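Student: Can we walk through this one together, a question at a time? I'd like to see how each answer is reasoned out.

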Amino acid sequence: MAGEVEQVPLFLAPMAGVTDLAFRLLARECGADFTISEFTAAAALTRQDSKSWHKLESDPRETPFIPQIFGGKVEEMVQSCELLQDVADLIDLNFGCPAPKVTRHCAGAALMGRPDELVGMVEKCVEVSKVPITVKMRLGTGTERINALELAKRVQDVGVERICVHGRTLRQRYSGVADWQAIAEIVDAVDIPVVANGDIVDAASATKCLQITGAAGLMIGRSAIGRPTIFQQIKSQLDWDSSPPPWSPTSSIENQASARLWAWRRYVNLDDELNELRQKSSSEEVEAHLLSKNRLRHAFAFTKELPGSKAFRTELHSNRGAMQLSTSVEAFLVELVTASKNQTQQD
Ligand SMILES: Cc1cc2nc3c(=O)[nH]c(=O)nc-3n(C[C@H](O)[C@H](O)[C@H](O)COP(=O)(O)O)c2cc1C
């Protein structure tokens with residue numbers, strides 16, 4: 001596998017409720033070359049909704065900073081680009097979201113069913129924005145013919161800088177398998193970089209996806225939830241990065257647990273650090289609420305599929321404070337690392 005494919009940048013996929021700023025910074029420390037904020041409603045940004053602006057916070061360590069927005073109204077998308085262009089390095093437009101609460105307003109992936117509207121919206125955003133515009137899309141709606149290739153050419157023509165394609169239709173949501181061949185056809189048809197997304201879970205699938213698509217980058221979503229170390233693992237297995245990881249693997253279970261322990265500690269440190277900065281700002285209450293909600297989600301994810309994690313999940317349900325959460329996840333992971341070290345010594 002090593003040396004089989006040329007190195008391309010790895011992207012952490014935007015994921016609502018997952019890719020908060022602390023997690024994005026952590027993913028970068030773990031080898032992600034690009035991170036993107038979770039999607040944010042242009043309608044909410046234009047009415048200055050503080051929760052939505054909170055989702056678009058960044059930090060000098062996140063360069064480039066790429067906020068992602070979605071919406072069904074051109075004026076709101078354009079105005080959001082204007083509001084963001086002084087803080088963003090690039091702005092990503094979402095045409096991939098299958099959630100009914102988004103597609104109901106003919107936003108997200110539903111706009112792929114109205115290609116002229118989609119292209120018109122993109123064109124206006126490109127016209128107004130001082131920073132480059134990128135687009136994330138699916139293969140199509142799935143109820144009409146697959147049109148990602150045609151749309152990719154059209155958004156290239158109106159000045160989009162890069163496209164990311166998730167190889168599924170809106171109708172498929174997350175079912176079936178991502179169609180990398182369809183992404184390959186888009187890569188061949190356009191001159192701008194195309195990032196391939198969907199079902200990349202390890203170095204083997206990253207290699208296969210690159211061999212099939214010839215994409216200029218790979219985006220990883222669900223496999224990075226609770227496992228941000230996946231970026232370093234892929235890079236090291238493909239010989240793209242020879243630096244040793246900050247965690248110390250000896251056996252496979254210990255490797256998993258020690259990588260997760262390291263990543264969890266780092267997530268909590270980064271989040272505490274960011275929270276201190278947030279407390280100095282005015283909208284403390286919203287942020288404290290979001291902090292514990294996100295930390296709880298990550299607590300479940302960082303301990304998933306490890307020995308004893310099912311029983312531990314019950315404990316987590318009754319464990320709501322951010323501080324208490326952090327210490328019980330740490331204790332669970334430390335115990336696992338110690339147990340597997342003892343086991344290794346006995347063997
Ligand atoms: C929990 C969750 C939240 C997501 N939120 C977003 C989002 O905010 N914006 C977006 O473009 N895609 C979003 N996605 C889609 C992912 O970015 C990605 O396209 C999809 O998960 C396929 O990649 P994967 O197979 O690597 O997971 C989300 C996916 C998940 C699982």
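Tutor: Sure! Keep in mind that this is a predicted model. Let's start with one strand and its surroundings.

Student: Okay, how many residues of strand β7 are buried?

Tutor: Strand β7 covers residues 162–166. On one side sit Arg-162, Cys-164 and His-166, and they are all buried. Ile-163 and Val-165 on the other side are buried as well. So both faces are covered, and by the cut-off of 20 or more other C-beta atoms within 10 Å, the number of buried residues in β7 is five of five.

Student: Which residue is the bridge partner of Val-135 in β7?

Tutor: Look at strand β6, residues 133–137. β6 and β7 pair in the parallel sense over four bridges. Within β7, the partner of Val-135 is Ile-163.

Student: And β8, which residue there stands opposite Cys-164?

Tutor: Strand β8 spans residues 194–197. It runs parallel to β7, and four bridges join the two. Opposite Cys-164 you'll find Val-195.

Student: Which helix makes a β-α-β unit with β6 and β7?

Tutor: We've just seen that β6 and β7 are paired in the parallel sense. A helix of residues 148–157 joins them in a right-handed β-α-β unit. That helix is α7.

Student: What about β7 and β8, which helix makes a unit with those two?

Tutor: Here too the strands run parallel. The β-α-β unit is right-handed, and its helix covers residues 180–189. Its name is α8.

Student: Let's do the loops. Where is Pro-64?

Tutor: Pro-64 is one to look at for its backbone: the peptide bond from Thr-63 to Pro-64 is cis, with omega near 0 degrees. As for its place, Pro-64 lies in the loop between α3 (50–55) and β4 (68–70).

Student: Is Gln-48 buried or exposed?

Tutor: Gln-48 sits in the loop between α2 (42–46) and α3. Its phi is near 60 degrees, a positive value in a residue other than glycine. The cut-off for exposed is 12 or fewer other C-beta atoms within 10 Å. Gln-48 has 9 such neighbours, so it counts as exposed.

Student: Last one: what is the phi of Arg-173, roughly?

Tutor: Find Arg-173 in the loop between β7 and α8. Arg-173 has 13 other C-beta atoms within 10 Å, so it is partly exposed. It isn't a glycine, yet its phi is positive, at about 50 degrees.

Definitions and conventions: Residues numbered from 1 in each chain as written. Predicted model: local features only at pLDDT ≥ 70, side-chain atom pairs only at ≥ 80, totals over all residues. Pairing = 2+ DSSP bridges. Right-handed = clockwise from strand over helix to strand, strands pointing away.
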